[in-house]
Amino acid sequence: MAVKNVSVIFKLYCLTVMTLVAATYTVALRYTRTISSGDMYFSTTAVCITEVIKLILSLGMLAKETGSPTRLRNSIVEHVFYSPKELLKLSVPSVVYAIQNNMAFLALSNLDAAVYQVTYQLKIPCTALCTVLMLNRSLSQLQWFSVFMLCGGVTLVQWKPAEATKVQVEQNPFLGFMAIAIAVLCSGFAGVYFEKVLKSSDTSLWVRNIQMYLSGILVTLIGVYMTDGEKVLEKGFFFGYTLWVCFVIFLASVGGLYTSIVVKYTDNIMKGFSAAAAIVISTVASVILFGLQITITFASGALLVCVSIYLYGIPKQDTSKLTLQDADKESKQRLITV
């Protein structure tokens with residue numbers, strides 16, 4: 001119902017912001033990992049800082065939702081300090097999202113932004129499969145068809161990945177693809193798991209986010225220690241940070257929270273159009289910034305992915321209403337015949 005009560009201008013605003021954030025984040029992250037000048041930063045610290053900023057933003061949104069400092073304090077005490085089981089429950093998607101975010105850095109260190117953007121759409125069939133298995137939902141024949149079409153499009157893109165002529169660093173496309181594969185599996189599972197937790201109670205979305213980000217900070221700090229612990233102690237937590245790196249962290253933080261607003265006020269077709277537009281923007285930016293050479297297989301695969309995203313977002317037809325209408329028509333026809 002919320003979608004119908006929102007103006008077209010606000011929907012377009014949501015669509016524009018979501019598209020720009022998705023495309024800009026991918027291109028900016030790729031830039032910081034390949035052609036940006038200066039010392040290379042530690043990606044694990046960037047993921048950790050992102051979780052901290054998300055926690056602060058969620059606290060701000062919860063403060064606005066509760067309306068007073070007293071209610072805010074009571075909500076935090078009740079759902080954080082007195083709910084260890086809930087924190088443990090939300091630690092599951094925290095771990096999975098931490099892996100996904102780190103895999104994004106690894107993937108964009110080895111694949112072009114446009115190739116990454118197209119291949120990352122494999123999260124749609126992964127999410128669809130998790131939805132069927134974990135939430136007992138069903139997909140229409142058109143949605144299953146679009147899933148296979150999307151997989152075919154990604155296969156074309158990866159068959160002979162487009163090369164970027166301006167990127168001089170050593171890259172491993174196979175490692176990049178494996179990183180995306182792990183990321184989409186994490187995205188599908190964690191997203192459906194979090195949705196299931198949200199719908200299992202009336203607890204506020206922002207409370208759930210706070211529970212998840214608290215666990216996320218702990219998990220990502222462990223990741224920093226295990227992966228780059230000695231280097232961080234030697235060079236510092238913020239070693240190699242530039243304005244571009246801070247910009248990437250900002251986009252990752254705001255984009256994650258903004259998704260919840262977009263999901264509330266837009267429909268699947270608009271989200272699909274946004275994903276397709278992000279692919280186009282990322283491709284154009286990659287040609288300009290990284291010297292990406294577009295191939296026929298890449299263009300064909302990207303087109304198939306865009307079409308499949310649109311088809312997947314088309315709402316299923318309510319056959320129960322159609323059956324009732326047909327029954328009414330049949331009964332009226334019988335009366336006329338009589």
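**Chat: a cavity, a pocket and the helices around them**

Student: Which helices each supply at least two residues of the lining of the largest cavity?
Tutor: Helix 3 (69–81) and helix 9 (205–235) each do that. Keep in mind that this is a predicted model.

Student: OK, and which helix gives the most to that lining?
Tutor: Helix 3 does, with four residues.

Student: Can you list them? Which residues line the largest cavity?
Tutor: Sure. The lining consists of Leu62, Ser75, Ile76, His79, Val80, Val207, Ile210 and Gln211.

Student: How do those residues divide into nonpolar, polar and charged?
Tutor: Five are nonpolar and three are polar, with no charged residue in the lining.

Student: What volume does the largest cavity have?
Tutor: About 30 Å³. The structure holds one cavity of 30 Å³ or more.

Student: Let's switch to pockets. What is the volume of the second largest pocket?
Tutor: That one comes to about 280 Å³. It is lined by 16 residues, and the closest to its centre are Thr44, Ala98, Ile99, Asn102 and Thr227.

Student: Which elements give two or more residues to that pocket's lining?
Tutor: Helix 2 (43–66), helix 4 (84–108) and helix 9. Helix 4 provides the largest share, seven residues. You'll recognise helix 9 from the lining of the largest cavity.

Student: And how does the pocket lining divide by residue class?
Tutor: Eight nonpolar, seven polar and one charged.

Student: Zooming out now: how many helices and strands does the chain have?
Tutor: There are 13 helices and zero strands, so nothing but α appears in the pattern along the sequence.

Student: Where does UniProt put the "transmembrane region" annotation?
Tutor: The unreviewed UniProt entry gives it for residues 12–29, 41–63, 142–159, 174–194, 206–226, 238–261, 273–290 and 296–314.

Student: What do residues 41–63 look like in the model?
Tutor: That span is 91% helix and 0% strand, and its end C-alpha atoms lie 33 Å apart. For residues 273–290, the figures are 100% helix, 0% strand and 25 Å between the end C-alpha atoms.

Student: What share of the chain is buried?
Tutor: Buried residues make up 46% of the 338 residues. As for the surface, the accessible area is about 18300 Å², and 67% of that belongs to carbon and sulfur atoms.

Student: Last one: among contacts with a separation of 6 or more, what percentage is between residues 24 or more positions apart?
Tutor: Such pairs account for 90% of those contacts.

Definitions and conventions:
Residues are numbered from 1 along each chain as its sequence is written. This is a predicted model: local features need pLDDT of at least 70, side-chain atom pairs count only at pLDDT 80 or more; totals for chains, interfaces and linings use all residues. Side-chain values use heavy atoms; hydrogens and water are left out. UniProt positions are given in the numbering used here, feature names are shortened, and annotations may be inferred rather than shown by experiment. Buried means under 20% relative accessible area, exposed over 50%, partly exposed in between (1.4 Å probe, protein chains only). Contact means heavy atoms within 4.5 Å. Accessible areas come from the Shrake-Rupley method with a 1.4 Å probe; for residues, only the protein chains shown count as cover. On a 1 Å grid over the protein atoms alone, a cavity is a set of points where a 1.4 Å probe fits but cannot get out, and a pocket is an open set with protein on both sides within 12 Å along at least five of seven lines; lining residues have an atom within 4 Å of a point. Grid points are joined across faces, edges and corners, and a volume is the space filled by probe spheres set on the points. Ala, Val, Leu, Ile, Met, Phe, Trp, Tyr, Cys and Pro count as nonpolar, Asp, Glu, Lys and Arg as charged, and the others, Gly among them, as polar.
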